[in-house]
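Please read this briefing with the sequence and the model side by side, and locate each residue in the structure as it is named. The points are grouped by topic, beginning with one loop residue.

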Amino acid sequence: MLATLCDILDCTPTDLMAPSAQNPRARRAAGEEAPINLAARRPTRVRLTPEA
């Protein structure tokens with residue numbers, strides 16, 4: 001698809017896209033403990049009610 005656009009517009013891929021860098025998120029070091037949110041990991045129960 002990119003090659004087709006370049007042929008139609010008579011340009012190169014670098015003319016169509018501008019590179020940009022983003023800072024990666026910091027990762028935890030091995031062995032470093034983080035608080036665990038159990039509520040986010042525990043599934044919610046579904047309560048079924050009989051139809052009237």
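In this predicted model, residue D10 is found in the loop that lies between helix α1 (2-9) and helix α2 (13-16). The bullet points below begin with this residue and then turn to the cysteines, the nonpolar surface and the chain as a whole.

**The loop residue D10**
- The phi angle of D10 is near 55°, which is a positive value in a residue other than glycine.
- D10 counts as exposed because its relative accessibility is 70%, and the cut-off for this class is over 50%.

**The cysteines**
- A disulfide is a covalent bond between the sulfur atoms of two cysteines.
- When pairs of cysteine sulfur atoms within 2.5 Å are sought, the count comes to zero disulfides.
- C6 is in no disulfide, and the nearest cysteine sulfur, which belongs to C11, is 4.5 Å away.
- Seen from the other side, the sulfur of C11 has its closest cysteine sulfur in C6, and the two are not bonded because 4.5 Å is too far for a bond.
- Is C6 buried or exposed? With a relative accessible area of 8%, C6 is buried, since the class takes in values under 20%.

**The nonpolar surface patch**
- Seven named residues, M1, L2, L5, I8, L9, L16 and M17, make a nonpolar surface patch of about 750 Å².
- Which element gives the largest share of this nonpolar patch? That share, four residues, comes from α1.
- L5, one of the residues of the patch, is found in helix α1.
- At 40% relative accessibility L5 counts as partly exposed, because this value lies between the limit for buried, under 20%, and the limit for exposed, over 50%.

**The chain as a whole**
- The protein chain has three helices and zero strands, and when it is read along the sequence it follows the pattern α-α-α.
- Of the 52 residues of the protein chain, 4% count as buried.
- The protein chain exposes about 6,000 Å², and carbon and sulfur atoms supply 54% of this area.

**Confidence in the model**
- The pLDDT of the protein chain averages 78, and 79% of the residues score at least 70.
- Among the elements of the chain, α1 has the highest mean pLDDT, at 90, whereas helix α3 (residues 38-41) has the lowest, at 72.

Note on methods: Residues numbered from 1 in each chain as written. Predicted model: local features only at pLDDT ≥ 70, side-chain atom pairs only at ≥ 80, totals over all residues. Heavy atoms only, no water. Helix = DSSP H or I, 4+ residues; strand = E, 2+ residues; numbered from the N terminus. Buried < 20%, exposed > 50% of the residue type's maximum accessible area, 1.4 Å probe, protein only. Patch = residues over 30% accessible without salt bridge, like charges linked within 9 Å, V, L, I, M, F, W, Y side chains within 5 Å. Areas by Shrake-Rupley, 256 points an atom, 1.4 Å probe, with all protein chains shown as cover. Salt bridge = Lys/Arg side-chain N within 4 Å of Asp/Glu carboxyl O. pLDDT = per-residue confidence, 0-100.
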